[in-house]
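Hi,

Here is the structure I promised to pass on to you. Have a look at it first, and then read on for what turned up in it.

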Amino acid sequence: MSDAGRPFLPFALPEIGEEEIAEVVDSLKSGWVTTGPKARRFEQDFVAFLGDLSLHAVAVNSATAGLHLALEAVGIGAGDEVITTTHTFTATAEVVRYLGADVTLVDIDPATLNIDPAAVEAAITPRTKAVIPVHYAGLAADMAAIGDIARRHGLAVVEDAAHALPTIHGGRLVGTLDSAATVFSFYANKTITTGEGGMLVTRDAALARRAQVMRLHGMSRDAFDRFRADRPSWYYEIVAPGFKYNLTDIAAALGLHQLKKARAFQARRAAIADAYDAAFAGLPVITPPRPAEADLHAWHLYVLRLADDAPIGRDALIERLFAAGIGCSVHYIPLHLQPYWRDRYALTPAMFPHSQHAYERMLSLPIYTRMTDGDVARVVDAVSASLR
Ligand SMILES: *Cc1c(COP(=O)(O)O)cnc(C)c1O
């Protein structure tokens, strides 16, 4: 079954417009290629986008960096435990290990595929210091329940919002909720992209200051301040062994324009999700969970699960779609199956029945703004033909 003449439909593609290209060229010509005025403007625009001027935004070169900085700033260190979901990308968990702390992986709610608050509460020990909910696929985790547990047990909440721009939960944008910090990703396949990049958002001025210092070598002042024409100064102090996590102006140039398009991008992805849901209604599948009324799903991923009576398995379906020229993926191979996490914490699939069950039946279909209606129809036809 080959799709004669039709080009391969990739799983994901960024949408970069002429505005982004012109802005990058402007950076290249200006001489400010690394962190400078555009990175700062991107931070300001990000706060304006979230619509809450009490927030601080700290631009970084990846969400992984932002999660690391957030956990460092809330004081995670050796001997501590941090709870997160097994059903995520390894970046969510690895940053805990960077700090010498231990990761406690817990199962998901089978309906939403988000971290199960009851499992979080059951995993708390005297060493537990923080919890990292992931807004899986762009649907917010149950932040009311997680916030309540965190308050009762004195835990910091750091949100992995790599999928969640823009996501609305309880009428509020993710990024404006009541956690210690929220971290967004601008990786190439995320809902907006800077190639590589991320944003740490917090209401805590001291946390923001610590992250600003630690993102650039633990220097008490960043390069932009030191080299401004109106305030010459060669002096700086190193206050900690920091990291090299600053976002370049070349990347921020992309982000300035991507951010302006974030709502339109979300609307297009939501329309594709609606089309998929309608088309798959009669098939032996479980379509993705929907957000509550008045909430917003960022639709970073469209995760379809095969029902137990589906005529073929997940792997066979992915092969058929590939043969039809359609790229798919799986989000995620749960961390409890990955050799490092499995062996370090002696994890077995039986400890994570919902994540394991979902993993064995799930695939992620293409959902991105550059898909035409014809591309969407092509995916629908190929999935339908394979499952009837
Ligand atoms: C993409 C992703 C990250 C890491 O983002 P980077 O910007 O690539 O570091 C972290 N967590 C989740 C859930 C992701 O999907």
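A good place to start is the loop between β10 (285-286) and β11 (302-306), where you will find Ala-294. Please keep in mind throughout that this is a predicted model. Although Ala-294 is not a glycine, its phi is positive, at about 75 degrees. Is this residue buried or exposed? With a relative accessibility of 68%, Ala-294 lies over the 50% cut-off and therefore counts as exposed.

There is another alanine to look at further along the chain. Ala-346 sits in the loop that links α12 to α13 (353-361). Ala-346 also is no glycine, yet has a positive phi, here of about 50 degrees. Its relative accessible area is 55%, so Ala-346 is exposed.

Next, two peptide bonds that you may want to bring up on your screen. The bond leading from Leu-165 to Pro-166 is cis, and its omega is near -5 degrees. Pro-166 has its place in the loop between β5 and β6 (168-169). The bond from His-331 to Tyr-332 is cis as well, with omega near 5 degrees. As for where that is, Tyr-332 belongs to the loop between α11 (314-323) and α12 (339-345).

Now to the strands, with β4 as our guide. Strand β4 covers residues 128-132. How many of its five residues are buried? Four of them are, which leaves the strand mostly covered.

Which strands does β4 pair with? One partner is β2 (residues 81-85), which runs parallel to β4 and is joined to it by four bridges. In this pairing, Thr-84 of β2 stands opposite Ile-132 of β4. Another partner is β5 (residues 156-160), also parallel to β4, with two bridges between them. Here you can find Ala-130 of β4 standing opposite Ala-156 of β5. To get from β4 to β5, the chain passes through helix α6 (residues 143-153), and this β-α-β crossover is right-handed.

If you trace a strand by eye, one general point may help: in a regular strand, side chains alternate between the two faces of the sheet.

If you only have a few minutes, I would suggest looking at β4 with its parallel neighbours β2 and β5, and then at the cis bond before Pro-166 and the one before Tyr-332.

Best wishes

Note on methods:
Residues are numbered from 1 along each chain as its sequence is written. This is a predicted model: local features need pLDDT of at least 70, side-chain atom pairs count only at pLDDT 80 or more; totals for chains, interfaces and linings use all residues. Side-chain values use heavy atoms; hydrogens and water are left out. Buried means under 20% relative accessible area, exposed over 50%, partly exposed in between (1.4 Å probe, protein chains only). Two strands pair if DSSP finds at least two bridges between them. A crossover is right-handed if, with the strands pointing away from the viewer, the path from the first strand over the helix to the second runs clockwise.
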